[in-house]
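Here are my notes on this one, set out point by point. Have the viewer open while you read.

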Amino acid sequence: MKIADLFSTALAASTINSGTTLDGFPTYSTIVSLLQKTAAANPLIATYSSIGQTREGRDIPSLSLSLHNHHPSTPTDGKGRPSGGYVDMRRSVLFVGGVQPREVLSMTALVAFVDRLIAVGVSGEDGTVMRAIKGAKAVFVPMLNADGYEHVRGVFPLHKDSIVKNGAPGCSAANVTSSGVNLGHNWDFEWNYEVISSEDYNNPCDASYRGPGPFSEPETRALRDLILKENPKAVIIVHSRHASEESRLIVPFMFHKSTFLSQSKSKLQMLSDQDISAYKNLTDSMQSSLAAVHAPYTIGTSWETIQHTISGSDLDWIFDNTGAYSLIMQMGTQDGSYWPDEDFVFSLVEKHFDPMLKFLQLSVGLPEKTTAKTVGSSILKHVSRIPFYLGVALFLIIAGILSTSWLLGYDNVWGRFKTWASRVQRRFERKQYVGLRNQSPTRSGTALRSTAAGAGRGENEEELGLDDFVDEEDDDGAGFSYRT
């Protein structure tokens, strides 16, 4: 089956031809056209819109899908759609794809899933689908990173597996494979925490670069604003992998302060018991909806599944800052490439339709979350790091003193510092001794040293160890000397 056959309801297969594809996959303009024509052909159920524009000015396409569940007395516009100030109070469920341009299967899967919902839902062929799109408003953003996807076309096919960012300027290499921001890491969640990782989130040329600041990119701001406007009950972010290993369902949180492999998984759990139970019911149902012939999902946090943690992730911000449950689906593809052979695409995509439908069905019935919001960017977050900051400051002060002394020519700085410290200590102890001696009734009114000529120090002085308290002078009479 060809990729074009996945969209047979929205468009005739002949509409997607060799001039508008990348190895059979639709281009940005083709996906926009698919969604627009889908909405035009199905006005009772589908609405096309742009959620905003990319850095280079491209529209970020979106399609809302819902059977209007309004009262029969509600005025309509002549096409069956409610009008006259009707407000749809149903909670939405959001599907996002194309965060990384090379993950072409994520975009294809979402557009094909829309096509499937329309084909079997509107016709009444599948009552489950009809009930799902009556019970919730499904919102699809299949291509968040439109700029990056167009950049793929510019270097296709040589670098089709290399582009993961949006092409924003900042990298000194100044090429489309290195430039830009990873949109999945550009969110304001625990932004100031540094994580130990093989990836450099602060290097503008690294594939994981998160940007100069949270929400620095217009694409992430557009998706954030959509989420805040829609107030969805749940959000699923669809990714694809470059290997045919098992697919994954990843739950919050992507970030955790500990990055040591010996860390207990139980200590990484940051959700309330109720939210854990809700996630378990949701993911178990998605798991059970997979056909028996398919490998099961690996389910857990990012750390539990791949020992990976980041700050600033979309998954965490959505869960922590909105009323929505958030979930990442990673679809397995073929070994060695994010771009599977066209003949395998249908089987790779189709097996995820039932789990995505289950996500749509169950999300609207999820309980309100009870996990407490994290501290975020407040000063309290840094209190635990005060000992670290003090240690670094002390080290820098000592290093600065020693370095400056060496540059100015002081010889044996450390040794003389110890001598000076010892002298200060001895003088302090001597003062204590003399004070105690003067207070003694047996020594009152007597001189410390013997008055007998040549007698040196007195017997009592030697017995009490006064030698230990006599001030010492350097042989040369100087505290420090310069090198010559």
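Which charged end sits over the ring of Trp-191?

1. That would be Arg-210: its charged end lies over the Trp-191 ring, 4.2 Å from the ring centre. There is another contact of this kind to look at, where the charged end of Arg-224 sits over the ring of Phe-215, 4.6 Å from its centre. Keep in mind throughout that this is a predicted model.

2. On to the aromatics. A search of the whole structure turns up 14 aromatic pairs. One of them is Phe-189 with Phe-253, a stacked pair with 5.4 Å from centre to centre and 10° between the planes. The pair ties together distant parts of the chain, 64 residues apart: Phe-189 is in the loop between α4 (146–155) and α5 (218–230), and Phe-253 is in the loop between β8 (248–250) and α6 (273–289). Phe-189 counts as buried because its relative accessibility is 1%, under the 20% cut-off. Phe-253 has a relative accessible area of 6%, so it is buried too.

3. Then there's Tyr-279 with Tyr-325. Their ring centres are 5.3 Å apart and the planes meet at 75°, so this pair is edge-to-face. Here again distant parts of the chain are linked: Tyr-279 belongs to helix α6 and Tyr-325 to strand β10 (residues 325–331), with their positions 46 residues apart in the numbering. Both Tyr-279 and Tyr-325 are buried.

4. Both pairs belong to a wider group. Phe-189, Phe-253, Phe-255, Tyr-279, Phe-319 and Tyr-325 form one aromatic cluster. If you want one view to save, I'd pick the cluster.

5. Phe-253 deserves another look for its backbone. A cis peptide bond joins Pro-252 to Phe-253, with omega at about 10°. Most residues other than glycine have a negative phi, and most peptide bonds are trans. I'd put this bond on the list of backbone details to inspect.

6. Two residues go on that list for phi. Glu-190 is not a glycine, yet its phi is positive, about 50°. Glu-190 lies in the loop between α4 and α5, and its relative accessible area of 7% is under 20%, so Glu-190 is buried. Asn-231 also has a positive phi, near 50°, and is likewise a residue other than glycine. Asn-231 sits in the loop between α5 and β7 (234–240); its relative accessible area is 36%, so Asn-231 counts as partly exposed.

7. What about empty space? The structure holds two cavities of 30 Å³ or more. The largest has a volume of about 50 Å³. Ten residues line this largest cavity, and the closest to its centre are Phe-253, Phe-255, His-256, Thr-301 and Trp-303. Sorted by class, the lining has six nonpolar and four polar residues, with no charged ones. Note that Phe-253 and Phe-255 appear both here and in the aromatic cluster.

8. Some C-alpha distances between residues separated in sequence. Asp-320, in helix α8 (residues 314–321), has its C-alpha atom 8.1 Å from that of Phe-189, 131 residues away along the chain. Asp-320 has 9% relative accessibility, so it counts as buried. Thr-374 is in the loop between α10 (353–363) and α11 (380–383), and its C-alpha atom is 8.6 Å from that of Glu-190, although 184 residues separate the two along the chain. With a relative accessible area of 17%, Thr-374 is buried as well.

9. One further case of this sort: Asp-225 and Ile-51 are 174 residues apart in sequence but 8.4 Å apart in space, C-alpha to C-alpha. Asp-225 is placed in helix α5 and, at 40% relative accessibility, counts as partly exposed.

10. Last, a geometry check on helix α1 (residues 28–41). At 1.5 Å a residue its 14 residues should span 20 Å, and the end C-alpha atoms are 20 Å apart, which agrees. The buried residues of α1 include Ile-31, Val-32, Leu-34 and Leu-35. An α-helix has 3.6 residues a turn, so residues three or four places apart point the same way.

Definitions and conventions
Residues numbered from 1 in each chain as written. Predicted model: local features only at pLDDT ≥ 70, side-chain atom pairs only at ≥ 80, totals over all residues. Heavy atoms only, no water. 1 Å grid on protein atoms, 1.4 Å probe; cavity = no way out; pocket = protein on both sides within 12 Å on 5 of 7 lines; lining within 4 Å. Points joined across faces, edges and corners; volume = space filled by probe spheres on them. Nonpolar A, V, L, I, M, F, W, Y, C, P; charged D, E, K, R; others polar. Phe/Tyr/Trp six-rings, centres within 6.5 Å; stacked < 30°, edge-to-face > 60°. Helix = DSSP H or I, 4+ residues; strand = E, 2+ residues; numbered from the N terminus. Buried < 20%, exposed > 50% of the residue type's maximum accessible area, 1.4 Å probe, protein only. Lys NZ or Arg CZ within 6 Å of the ring centre and 35° of its normal. Expected span 1.5 Å × (residues − 1).
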